Amino acid sequence: MDWKPEHSVGIREIDDQHKKVIEIISRIEQSVKLQRGWREIVYDVVDLRVFAKSHFEFEEGLMRMFGYKEYTKHTGEHEHFFRKLTEIESKSVSNLVESELLKFLRDWLKNHILVEDKSYAEHILSGASILKATVPTLTSVKLTYITTPQVV
Ligand SMILES: [Fe+2]
Ligand SMILES: [Fe+2]
């Protein structure tokens with residue numbers, strides 16, 4: 001799976017993060033296809049979990065800041081991704097080839113970017129205002145995303 005211009009949500013930072021998630025999933029798919037051992041694949045799987053977590057937190061922070069109405073539904077989708085990733089982690093490499101879990105993950109991501117992520121990006125790009133009560137000082141923005149998720 002490659003990132004294509006039609007995957008763009010119109011926000012460069014988010015597009016860059018999506019490119020990275022797609023790149024990691026493709027690496028894992030390739031390794032599984034070549035039947036590499038878990039010892040080689042596990043680094044990419046950990047990378048995917050860590051990076052996807054920070055990407056989702058980044059998006060969720062934006063959605064809270066801009067008062068996106070579909071916040072809860074969207075975060076539920078993110079949780080679904082992690083449940084599937086946990087299933088992948090519990091499989092052996094040969095099981096992964098047969099189970100199509102990776103294909104599911106790839107299709108999920110593609111659909112999620114094209115529908116859910118484009119939707120919140122449109123909300124932001126349409127000129128939605130920042131909810132002042134949720135805006136932390138600049139230096140604490142990143143920490144707020146990561147440590148204190150809250151629904152507005
Ligand atoms: Fe998302
Ligand atoms: Fe995303």
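Helices are DSSP runs of H or I with at least four residues, numbered from the N terminus. In this predicted model, Gln35 falls in the loop that joins α1 to α2. Gln35 is not a glycine, yet its phi is positive, at about 55 degrees. The residue is exposed, because 10 other C-beta atoms lie within 10 Å and the limit for exposed is 12 or fewer.

The protein chain contains six helices and zero strands, and its elements follow the order α-α-α-α-α-α from the N terminus. Of the 152 residues in the protein chain, 18% are buried. Among contacts with a separation of 6 or more, 68% join residues 24 or more positions apart.

The two helices on either side of the Gln35 loop were examined as a pair. The axes of α1 and α2 approach within 10 Å and cross at roughly 160 degrees. The pair is therefore roughly antiparallel, since angles over 145 degrees are classed in this way. The crossing in which α1 passes α2 is left-handed. On the α1 side the contact is formed by Ile14, Gln17, Lys20, Val21, Ile24, Ile25, Arg27, Ile28, Ser31 and Val32. These meet Glu40, Ile41, Asp44, Val45, Asp47, Leu48, Phe51, Ala52, His55, Phe58 and Glu59 of α2. By class, the contact of α1 with α2 comprises twelve nonpolar, three polar and six charged residues. Within this contact, Ile28 of α1 meets residues of α2. When residues up to four places away in sequence are not counted, Ile28 touches Ile41, Asp44, Val45 and Leu48, as well as Leu102.

Helix α2 (residues 38-65) also packs against α3, with axes that come within 11 Å and cross at roughly 175 degrees. This angle makes α2 roughly antiparallel to α3. The α2 residues in this contact are Val45, Leu48, Arg49, Ala52, Phe56, Glu60, Met63 and Arg64. Their counterparts in α3 are Tyr71, His74, Thr75, His78, Phe81, Leu85, Ile88 and Glu89. The contact of α2 with α3 is made up of nine nonpolar, three polar and four charged residues. Val45, Leu48 and Ala52 of α2 take part in the contact with α3 and also in the contact with α1.

Helix α3 is in turn paired with α5 (residues 101-125), the two axes coming within 11 Å at a crossing angle of roughly 165 degrees. Helices α3 and α5 are therefore roughly antiparallel to each other, and α3 passes α5 in a left-handed crossing. From α3, the contact involves His74, Glu77, Phe81, Lys84, Glu87 and Ile88. From α5, the participants are Leu101, Leu102, Phe104, Leu105, Trp108, His112, Glu116 and Tyr120. Eight nonpolar, two polar and four charged residues make up the contact of α3 with α5.

One residue of the α3–α5 contact, Glu77, was considered individually. Glu77 lies in α3, which spans residues 71-89. Glu77 counts as partly exposed because 16 C-beta neighbours lie inside 10 Å, a number between the limits of 12 for exposed and 20 for buried. Apart from neighbours within four places in sequence, Glu77 is in contact with His112 and Glu116. The C-alpha atoms of Glu77 and Glu116 are 8.9 Å apart, although 39 residues separate the pair in sequence.

The largest nonpolar core consists of eleven residues, namely Val21, Ile25, Ile28, Val32, Leu48, Ala52, Phe56, Ile88, Leu96, Leu102 and Leu105. Helices α1 (12-33), α2 and α5 each contribute at least two residues to this core. The greatest contribution is from α1, with four residues. A second, separate core has nine residues, among them Met63, Met65, Phe66 and Tyr68. Ile88 of the largest core appears in the contact of α3 with α2 and in that of α3 with α5.

A further long-range pair involves the segment before α1, where Ile11 is placed. Ile11 and Lys118 are 107 residues apart in sequence, with a C-alpha to C-alpha distance of 9.5 Å. Ile11 has 17 C-beta neighbours inside 10 Å and so counts as partly exposed.

Note on methods
Residues are numbered from 1 along each chain as its sequence is written. Chains are lettered from A and ligands numbered from 1 in the order in which they are written. This is a predicted model: local features need pLDDT of at least 70, side-chain atom pairs count only at pLDDT 80 or more; totals for chains, interfaces and linings use all residues. Two residues are in contact if their C-beta atoms, placed from the backbone, lie within 7 Å. Axes are lines fitted to C-alpha atoms, for helices over the stretch in contact, and angles run from 0 to 180 degrees between N-to-C directions. Angles under 35 degrees count as roughly parallel, over 145 as roughly antiparallel, 65 to 115 as roughly perpendicular and the rest as oblique. A crossing is left-handed if the near helix is turned anticlockwise from the far one by less than a right angle, and right-handed if clockwise. Ala, Val, Leu, Ile, Met, Phe, Trp, Tyr, Cys and Pro count as nonpolar, Asp, Glu, Lys and Arg as charged, and the others, Gly among them, as polar. A nonpolar core is a set of buried Ala, Val, Leu, Ile, Met, Phe, Trp, Tyr and Cys residues joined through C-beta atoms within 7 Å.
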